[in-house]
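Trainee: I am new to this structure. Please take me through one part of it closely.

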Amino acid sequence: MAINLLDFDAAGLTGLFAEHGERAFRARQVLRWLHRCGQVDFADMTDLARSLREKLSTLAIISPPAIVADRLGEDGTRKFLFAVGGGNAVEAVFIPEVERGTLCISTQAGCALDCSFCATGKQGFNRNLSVGEIVGQLWQVRHALGAYSGREAAGERVISNVVLMGMGEPLANLDNVIVALRLLLDDNAYGLSRRRVTVSTSGLVPAIDRLREECPVALAVSLHAPNDRLRDELVPINRKYPLSSVLAACLRYLQRAPRDFVTFEYIMLDGVNDSDAQAHELLALLREVPCKLNLIPFNPFPGTSYRRSPATRIRRFAEILLSAGVVTTTRKTRGDDIAAACGQLAGQVHDRTQRTRQYAVHLVHSGLPQ
Ligand code: SAH
Ligand code: SF4
């Protein structure tokens, strides 16, 4: 199989080039052509010797995942569906705002962790995405948004922030995610600041520690419950890594993090985790951890029995946290008309875990043409 150059960060590409007798600065040049310029054809990499261009075209390919659907929501949110082979598809969502443009990307086809409120989890798991498939989402969306063809010449940054909050658990695919993160941060590739790249995790403790050692970026942890009893039910991985171990990992992470707080995501589920008493319990739990809270109104999907907390309940919950001095924001639900909101990303996954059968819910449909 041909080598996909999008699978390599600077160190990897340098190693590959060395194997073929090419110097390190050549690898950097190619990295820039690939990621900064979005080049698809070796022949157009004009500052490389013709012999190198020819060598590359026999040895390697530039192969991002293909966009198979592209939908624009009423609020400007744009959802992309990518084919990743074997009938699987994953999604990325671009969220334009006045001050920034955020791209939310996927890291796995499906997810094995099976959180009870999550459309991706309910689909089951197929496989980890490769580095080229993770970074390739950004590469493709930059092409689709015109970022490679001049829009950024005037200093505009079309995609200023990247969040690994799409389909899948990034820290369950950490080898590939770390290489992808290095590309996101590399000035010869996407040149994003560590503070503008966020990994969201359901709390895989050893992987949080490894991320801290190898590539600390902004961290968001999906908490969703103020005690182990409820979290065991909502986020089953909690049975393996309970809250005390997750919070201890967060404190360790903060020693190396680019920001001085961890963001805790907390989904608002009507009558499940949204009472005043639970807000107070949450405050007590988080007393020792420098953090911000991001309340996420639950986004329903076919087959779920959860309901979103009413707006007044979410406001009251936020007020309790705010009045205790915890910075709390409530996530605006963006892109829900195109099923692009948090937890609605479903792509298309050929489940290898039998979960879809186990639950007897119908496969969540994103409503996109397949
Ligand atoms: N696996 C990672 C990242 C992907 S999920 C994680 O769990 O953090 C991204 C965010 O969407 C998480 O905070 C997740 O809990 C939240 N989410 C999942 N399903 C949701 C739903 N139906 N409505 C709102 N948010 C949801
Ligand atoms: Fe996986 Fe995150 Fe969904 Fe849980 S919320 S099933 S960890 S994608």
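Which residues of β10 lie on one side and which on the other, and are they buried or exposed?

Mentor: Keep in mind that this is a predicted model. Strand β10 spans residues 197–201. One side carries Val 197, Val 199 and Thr 201. The other side carries Thr 198 and Ser 200. Each of these residues is buried, and both faces of β10 are covered. The count agrees: 5 of the 5 residues of β10 are buried.

Now look at the neighbours of β10. Strand β9, residues 161–164, pairs with β10 in the parallel sense. That pairing has 3 bridges. To find one of them, start at Val 162; its bridge partner in β10 is Val 197. Val 197 belongs to the side of β10 that also holds Val 199 and Thr 201. Between the two strands, follow helix α6, residues 174–185. β9, α6 and β10 together make a β-α-β unit, and the unit is right-handed.

Next, turn to strand β11, residues 218–222. β10 and β11 also pair in the parallel sense, here over 4 bridges. Thr 201 of β10 has Val 221 as its bridge partner in β11. The chain leaves β10, passes through helix α7 (residues 205–214) and arrives at β11. This β-α-β crossover is right-handed.

β11 can be read face by face as well. Ala 218, Ala 220 and Ser 222 sit on one side. Leu 219 and Val 221 sit on the other. These residues are all buried, so to speak of β11 is to speak of a strand with both faces covered. By count, 5 of the 5 residues of β11 are buried.

One more strand extends the picture. β12, residues 262–268, pairs with β11 in the parallel sense over 3 bridges. Take Ser 222 in β11: its bridge partner in β12 is Glu 265. Step back and trace the pairings in order: β9 with β10, β10 with β11, and β11 with β12.

Two other places deserve a look. The first is a set of aromatic rings. The structure holds 5 aromatic pairs. In one of them, the ring centres of Phe 298 and Phe 301 are 6.2 Å apart and the planes are at 65°, so the pair counts as edge-to-face. Phe 298 and Phe 301 are both buried. Tyr 306 joins Phe 298 and Phe 301 in one aromatic cluster.

The second place is an enclosed space. The model has 2 cavities of 30 Å³ or more. The largest cavity has a volume of about 40 Å³. Its lining includes Leu 16, Phe 17, His 20 and Glu 22. Leu 52, Lys 55, Leu 56 and Leu 59 are also in that lining. Two elements give two or more residues to it: α1 (10–19) and α3 (50–59). The largest share, 4 residues, comes from α3. By class, the lining has 5 nonpolar, 1 polar and 2 charged residues.

Terms used: Residues are numbered from 1 along each chain as its sequence is written. Chains are lettered from A and ligands numbered from 1 in the order in which they are written. This is a predicted model: local features need pLDDT of at least 70, side-chain atom pairs count only at pLDDT 80 or more; totals for chains, interfaces and linings use all residues. Side-chain values use heavy atoms; hydrogens and water are left out. Buried means under 20% relative accessible area, exposed over 50%, partly exposed in between (1.4 Å probe, protein chains only). Two strands pair if DSSP finds at least two bridges between them. A crossover is right-handed if, with the strands pointing away from the viewer, the path from the first strand over the helix to the second runs clockwise. On a 1 Å grid over the protein atoms alone, a cavity is a set of points where a 1.4 Å probe fits but cannot get out, and a pocket is an open set with protein on both sides within 12 Å along at least five of seven lines; lining residues have an atom within 4 Å of a point. Grid points are joined across faces, edges and corners, and a volume is the space filled by probe spheres set on the points. Ala, Val, Leu, Ile, Met, Phe, Trp, Tyr, Cys and Pro count as nonpolar, Asp, Glu, Lys and Arg as charged, and the others, Gly among them, as polar. Rings of Phe, Tyr and Trp (its six-membered ring) pair if their centres lie within 6.5 Å; planes under 30 degrees apart count as stacked, over 60 as edge-to-face and the rest as tilted.
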